[in-house]
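Got your viewer open? Let's take a walk through this protein, one selection at a time.

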Amino acid sequence: MKPSEHTRRRLALATLLATALSGPFSAAVAAPKAVEAFDATTWPALQQARQPVAVVFTTTDCSHCPAVVEQLARAVQQRRDGARLVTVVMDVSPGEADAALLATAHYRQADRLLAFDGAAAALRYRVNPAWRGVTPYVALLRPGQPVTFVMGPPSAQDVKDWAAPSAR
């Protein structure tokens, strides 16, 4: 699928802004090597992870998402338990604009970069039936614990609870 001119321009602007605003932190983590598909099987697989995972659902035009990704990247980096950060782009399909996504500074802070591959409404419903697609949308996963969903930036308490050995 070929990206539209609007999508190419939006991604170019997002890449430029994210690079300018990323600061020194962006070089501290390994960047994803590929854009993976987020399909009907991905959410259940993420929930089965053996380590804590922070998932940020985003769009290429989300103005608040880069700060949320950076906040969670710092939290993951401070942990010593193998926690991972996953970003999921909802408005670009895998293969549509991979190079631009992989070059975007805030996506490079994640361990994995995924993009919706299928009907967005169905994929969102699979994650959380109450979610209507507002971004940033954060899912904090811990093995054996219920998922904590946060619309917008997670509070310090959300991150602390996620990091706690016996959360909830």
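Of the contacts in the protein with a separation of 6 or more, what share comes from residues 24 or more positions apart? It's 73%, where a contact means heavy atoms within 4.5 Å. Before you click further: this is a predicted model, in which local features need pLDDT of at least 70 and side-chain atom pairs count only at pLDDT 80 or more, while totals for chains, interfaces and linings use all residues. Residues are numbered from 1 along each chain as its sequence is written, and side-chain values use heavy atoms, leaving out hydrogens and water.

**Stop 1: the whole chain.** Switch to cartoon view and look for 6 helices and 6 strands. Both are DSSP runs numbered from the N terminus: helices are H or I with at least four residues, strands are E with at least two. Trace them from the N terminus and you'll read α-β-α-β-α-β-α-β-α-β-β-α. Of the 168 residues, 46% count as buried (under 20% relative accessible area, with over 50% being exposed and anything in between partly exposed; 1.4 Å probe, protein chains only).

**Stop 2: helix 3.** Select residues 65-78. At 1.5 Å a residue, these 14 residues should span 20 Å, and the end C-alpha atoms are indeed 20 Å apart; the expected span is 1.5 Å times one less than the number of residues. Now colour its buried residues, including Cys 65, Val 68, Glu 70 and Leu 72. What do the buried residues of helix 3 pack against? Their partners are strand 2 (53-58), strand 3 (84-89), strand 5 (137-141) and helix 6 (156-163).

**Stop 3: an unusual bond.** Most peptide bonds are trans. Zoom in on the one from Thr 135 to Pro 136, though, and you'll find it is cis, with omega near -5°. Pro 136 belongs to the loop between helix 5 (120-127) and strand 5.

**Stop 4: the rings.** The structure holds 8 aromatic pairs. Rings of Phe, Tyr and Trp (its six-membered ring) pair if their centres lie within 6.5 Å; planes under 30 degrees apart count as stacked, over 60 as edge-to-face and the rest as tilted. Show Trp 131 and Tyr 137: their ring centres are 4.4 Å apart with planes at 10°, so this pair is stacked. Trp 131 is buried at 2% relative accessibility, and Tyr 137 is buried at 5%. Add Phe 38, Trp 43, Phe 57, Phe 116 and Phe 149, and together with those two you have one aromatic cluster.
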